[in-house]
Amino acid sequence: MQPPNPSAIRRHVPVAVLLPVVLMLALAIITVLGFVVWSTANIDQRSLERQTQSVSRVIQARRDQMQMQAASLAVWDETLINTKLAFNANWIERNLASRMHANFGYDALVVVDEANNPTYAMVDGFPVILPENASNNTPYRTLLADLRATHLQAAPIGTGQQPVILTDFLLVDDRPALVTAATIVSDTGALQQQPGTEYVLVLTRFLDTTVATEINRQYAIEAGHFTMTSGTAPDQAVYPIVNNAGRFITFFQWTLDRPGQTVLSQTIPMLSVTFLVIGGLVLLLLNQLRRYAEALEAGKHFSRYQASHDELTGLPNRSSFEAELARRLDGRGHEVGTISLLMLDLDRFKQVNDTLGHQAGDELICAVADRLRAVLGKDTLIARLGGDEFGIVLVHNASDTDLPQTSQRVIDAIGQPFELHHYKAHVGASIGIVSIDRGSEEVGSSELMRKADIALYEAKAGGRNRAMVYEEHMNEMLQLQHTIEGELREALQRDDQLSVVFQPLVSQETRRVVGAEALSRWSHPKYGQISPARFIPVAENTGLIEALGEFVLRRACELGANAPGRTIAVNISPTQLRNPQFSHVVFDILHRTGMRPSDLELEITESILLDDEHVSSQNLRTFRTAGIKIALDDFGTGYSSLSYLKRYPVDRIKIDRSFVSQLAEGHVSVSITQAIVTLAHAMDIEVTAEGVETEIQATILGQMGCNVLQGFLFSSGVPREKIVDVFADPANALMSRGARSVKAMAR
Ligand code: C2E
Ligand code: MG
Ligand code: MG
């Protein structure tokens, strides 16, 4: 999995978010627009209805007005007299015709007798002579007939004095007109008439532009006019005018007042701006949402990456390594060949961390990860399992013999010094390997890791800086580890299992045995020889080291008492040294055995130098004051800092065998060892080299100025009787040949 790359994160808002937002926006716009359009149309419709009603009322008002005006003339004694009883054309013209034309704009005024024959006529303000019987041929005929019929009906009620007035729309000379016919009767009742003999006054007003203009002005109607054809323009409204018989006469057409449209035209720009603003806000919101989505996605990526990767090296972490291993094991039927799991643990990493600081430790871990990638290739599954532990999965052919070489390449690569920011560090690598073949039975990833761990433990116990392949007996040994405590406790109670052997210490210069190191041995009735590397740590963890250490010290001092002048070295664990009673134990044993303190050398490990405990330093000081020598064991594997030696002065340094074993190879160890020897001598400290196995190593160490040599070249640890023989042998100069004889003795 790659580290999260922000530019690779999806750059759009998820459809699940985008779709509802867009839909909601569209719905909102459609709803608002729909509502606006609907309500404006509604307003316009209502306005049309209102205007049509108004026009209808206006027309009706015209009729009523005309009827009233006709009545005011026709129901009047003067009119009756001057039109019928004593016909006076001048009077008619002056009081009726001219007045009605001039004041009220009537186009025609006609007086007809009881036979509907015109007796007087005025058209456009001028008197005209109409032919007799003309009314019967005019559009007025029906109106007059209706009037008289009505009059006759009304006659029994009145006495011929009741006026009858009829108004109707007529086409006069094909022109629409409003016509009113009124019977001329007495207003006082003083002048009686025979019913049916009444004269009739007929008033005519053409529905022309003048009338329309009057209506428009009076009622604030826009562009109203009379027309015989209705317009089709959307902003035009028409009102059909029909006569009393229901016949169409004309249209009144006018320009509609459409408040809805006005509101709409005023609202649209405002709405558009509002929609634009809302759209902009939504875009902003979506953009913000996109950012949040991106941040969320990046966060998810990052936490997924973090959850599965080691922060420091960028390698997969333990949990993702286990998951990937399980995946590969599950699918190994499809994978070709064998799967090998390598567990790698750095040697001496803790010391680097403790002495150079955590930053240097972190740098070192990163550098190790880089070297692993470089050696194994970036396609190999490499993980940091924690601390200084790494896991590697290799897939190869079952017959592949490369595995040992590959692990050795890894060990060699990590064995090279690391150039850290301010320091140079030197660590090693121990590797536990377990392989599983394609056809083998099912093994879970955790079981495989457990086995690789056991092999790693063996690699460390076997001297570190090596690779060990898991074997079944290792598991048994591990089981033993769990029971070791009880067994060791029992062994300490008995005298037939634990023993002490002595490994000769040889003077480099003379090749004579100058002393021996006491090493504990445990011969278990069931498990055979158990290595101190296995039981000493258990003894240290359980406190049994006190009893064991006392046992070894006593045996060593017993030998030392009998070999004055020979140095007898005894390994002391930190636990013992931290015990305030420890010096008493040592002096008590020296006293009881009679050994000279100056012949005793206590070997301590470098970790003690870091120990700030007052007791440890107090004990060391007491020992040195008494002439007991102090040696620093396994030098080079721990803190390797000579500066500590100023705080805790020692008499001897024992260079660890991991340096000695690499001496002949022209390795970096040569210069390191030389530096240690030179510095130690400068501080007046003697140097012993451990694990000398070859003559070449002995020679090189001799050239470097090493004082004492110890190793299988001369002898391994031998029982007390044998070392006593070596001490007693007057010709115990140990040349290589001699060493073989000592080895023979040891056997
Ligand atoms: P050490 O004190 O460094 O002892 C030397 C170890 O190196 C011994 O292993 C010895 O057998 C081994 N050795 C010596 N020469 C050679 C050689 O040429 N080649 C190789 N490959 N190995 C060589 P051993 O006896 O297994 O002891 C291991 C460690 O256990 C000792 O390392 C010491 O730290 C510890 N130990 C042993 N006995 C005691 C004891 O009584 N008390 C304490 N506290 N630790 C002990
Ligand atoms: Mg030792
Ligand atoms: Mg040692």
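**Close-up views of the magnesium sites**

Asp 633 is buried, with a relative accessible area of 7% (buried means under 20% relative accessible area, exposed over 50% and partly exposed in between, with a 1.4 Å probe and protein chains only). The model is predicted, so local features need pLDDT of at least 70 and side-chain atom pairs count only at pLDDT 80 or more, whereas totals for chains, interfaces and linings use all residues. Residues are numbered from 1 along each chain as its sequence is written, chains are lettered from A and ligands numbered from 1 in the order in which they are written, and side-chain values use heavy atoms, without hydrogens and water.

**View 1. Coordination of the magnesium ion (ligand 2).** Glu 517 (OE), Asn 571 (OD1), Glu 603 (OE) and Asp 633 (OD) coordinate this ion at 2.0 to 2.2 Å. Donors are N, O and S atoms within 2.8 Å of the metal (3.2 Å for Na, K and Ca); water is not among the atoms, so sites may look incomplete. The donor residues follow the spacing E-x53-N-x31-E-x29-D in sequence. Because Glu 517 lies in strand 18 (residues 513–524) and Asp 633 in strand 22 (residues 629–635), the pair ties together parts that are 116 residues apart in sequence. Helices (H or I, at least four residues) and strands (E, at least two) are DSSP runs, numbered from the N terminus. Glu 517 is also buried.

**View 2. Coordination of the magnesium ion (ligand 3).** Its protein donors are Asp 633 (OD), Asp 634 (OD) and, listed twice, Glu 690 (OE), lying 1.8 to 2.5 Å from the ion. Their sequence spacing is D-D-x55-E. Glu 690 is buried, with a relative accessible area of 10%.

**View 3. Asp 633 as a bridge between two ions.** Asp 633 coordinates both the magnesium ion (ligand 2) and the magnesium ion (ligand 3), which are 3.9 Å apart.
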